[in-house]
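Open the model in your viewer and keep the selection tool ready. The tour goes through a sheet, the helices across it and a patch on the surface.

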Amino acid sequence: MRHTTKQPRANRTITIDFQNEATYFQLLGDRKAFLECVLAFILSIGFQLTHKTTCRGGGCLTRHSHYARLRLGGITIWRLQCTMCHAVFTVLPHFILRYRSMRPEVARDALLATHGGLSLEWCAAICHISPMALYRLICALGHQSVVTVLTRCRLPLPVYFLAAGKHSKCLADKVYLPTIVRGRVLWHLGYITEASAVAFTQSYGEFQRAASQQDPSYRVKGVLTDGFDSTTKSMRTLFPGARLGTCLRHALLKLPKKLVAIASPVRQTLRTQFHTLLYRARQRKGLRVFALGQRLRHFADHVARTAGTANGERVRRWFQEKKAGWYTVLADPQMPVTSTLLDQAHNALERKLFAMKGFHHPGGSQQAFLTGLAHLYNLVPYQRRAQHAGQCGVEVEGGRVPTPDWMLNLQILTSGGFQ
Ligand SMILES: [Zn+2]
């Protein structure tokens, strides 16, 4: 017998804001008004429906659409069909979460508490749900890719970005979270159990594939990395034309560790001088690459004179190893200079993962869970006293979210039926 590979059913669920529940139940009895309301909402958020690839239906359902009713927890759900390609869309009203009995307002509070760093157990306790239900909700959100959600918000694919792997732990095992950040937005948050270049390439490759699907001509111009060997190698493999730089702030933090067995004021003075050197190199623009090479040589000589030849030699070798990455940062004005925003993202995630040790088990859906957390990171607005209070990361970076309500945005953006 021949087996035909079954195509996974396309998720064409769409979340529609009916403003309030009463409106929804009223509209259920009026097919024409229902369709009009759905179409008006889709038009208002500027999205299109994902028809079948062959469909040239103009991205809209017509009034002649076929419909059917299903029952979900006692609530009638409508399905609409495109008359051209016969794609079926399941219309979820805003007060229903896909496959979940949890109400969105409960989910909203629990997710906000999770995002704020409270453990799943505590979030669940204050919202009267089970920790597992919250975990599954985050995983469900994480089934939609970050690249899809961000491009739906009309953010351009990042031409320059930060890439670094965060070390974490799954019980006693070391794990790594390869991360791509552009400004205040996470474009990729992977999960791998080994630090090899192959594993990193595979994880970052998921981002590369998703991005190329959105735009086949997508090219990366510059990446600021942590200087970690596997990160650098994977970036070279996946984005061959990209310039790879290393973080200048990290260079500054590293210098004191290269200076051994000297009095602390001497070390402090050298660090300050190195800071001035990098700062001036950045100011010089056109001349700065040449100037940096010369100044690094002079600085290593200066270290040898003031802190001994052993320290001078160590610093010289370190410069040799790192300077290409620093040149790259200085040679391209658009290149990110420091990885501060990526470090902030990692610190925020670290707090959550630490608080979730109980769920951080080897058999869990780590990748989906982390992607869910990435969506929260990108879409939950900053709180009252923050620099960008009221805006989410996507908005700060110039993206557009469908509605002023972050929870509704999360529901709409992670649903499968919109384009
Ligand atoms: Zn169609």
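Two strands count as paired if DSSP finds at least two bridges between them. The model is predicted, so keep that in mind as you select.

**Stop 1: a strand pair.** Select residues 160-170, strand β5, and residues 173-182, strand β6. These two strands pair in the antiparallel sense, over nine bridges. Now pick Cys170: which residue in β6 is its bridge partner? The partner is Asp173.

**Stop 2: the whole sheet.** Add the other strands to the selection. The sheet is open and has five strands, in the order β7-β6-β5-β8-β9, and its pairing is mixed. Why is one side of β7 and of β9 left without a neighbour in the sheet? β7 (185-189) and β9 (243-246) stand at the edges, and each has a single partner strand, so one side of each has no neighbour there. On average, neighbouring strands of this sheet are turned by 30° against each other, direction ignored.

**Stop 3: two helices.** Select residues 197-214 to show helix α7, which lies across β5, β6 and β7. Its direction is at about 35° to β6. Next select residues 309-331, helix α12. Helix α12 lies across β8 (222-225) and β9, and runs at about 110° to β9.

**Stop 4: a surface patch.** Select Leu118, Trp122 and Ile126, which form a nonpolar patch on the surface. Together they have about 330 Å² of accessible area. Leu118 is in the loop between α3 (104-115) and α4 (120-127). With a relative accessible area of 33%, Leu118 is partly exposed, because that term covers values between 20% and 50%.

Terms used. Residues are numbered from 1 along each chain as its sequence is written. This is a predicted model: local features need pLDDT of at least 70, side-chain atom pairs count only at pLDDT 80 or more; totals for chains, interfaces and linings use all residues. Side-chain values use heavy atoms; hydrogens and water are left out. Patches are made of residues with over 30% relative accessible area and no salt bridge: like charges are joined within 9 Å, nonpolar side chains (Val, Leu, Ile, Met, Phe, Trp, Tyr) within 5 Å. Accessible areas come from the Shrake-Rupley method with a 1.4 Å probe; for residues, only the protein chains shown count as cover. A salt bridge is a side-chain nitrogen of Lys or Arg within 4 Å of a carboxyl oxygen of Asp or Glu. Helices (H or I, at least four residues) and strands (E, at least two) are DSSP runs, numbered from the N terminus. Buried means under 20% relative accessible area, exposed over 50%, partly exposed in between (1.4 Å probe, protein chains only). Axes are lines fitted to C-alpha atoms, for helices over the stretch in contact, and angles run from 0 to 180 degrees between N-to-C directions. Contact means heavy atoms within 4.5 Å.
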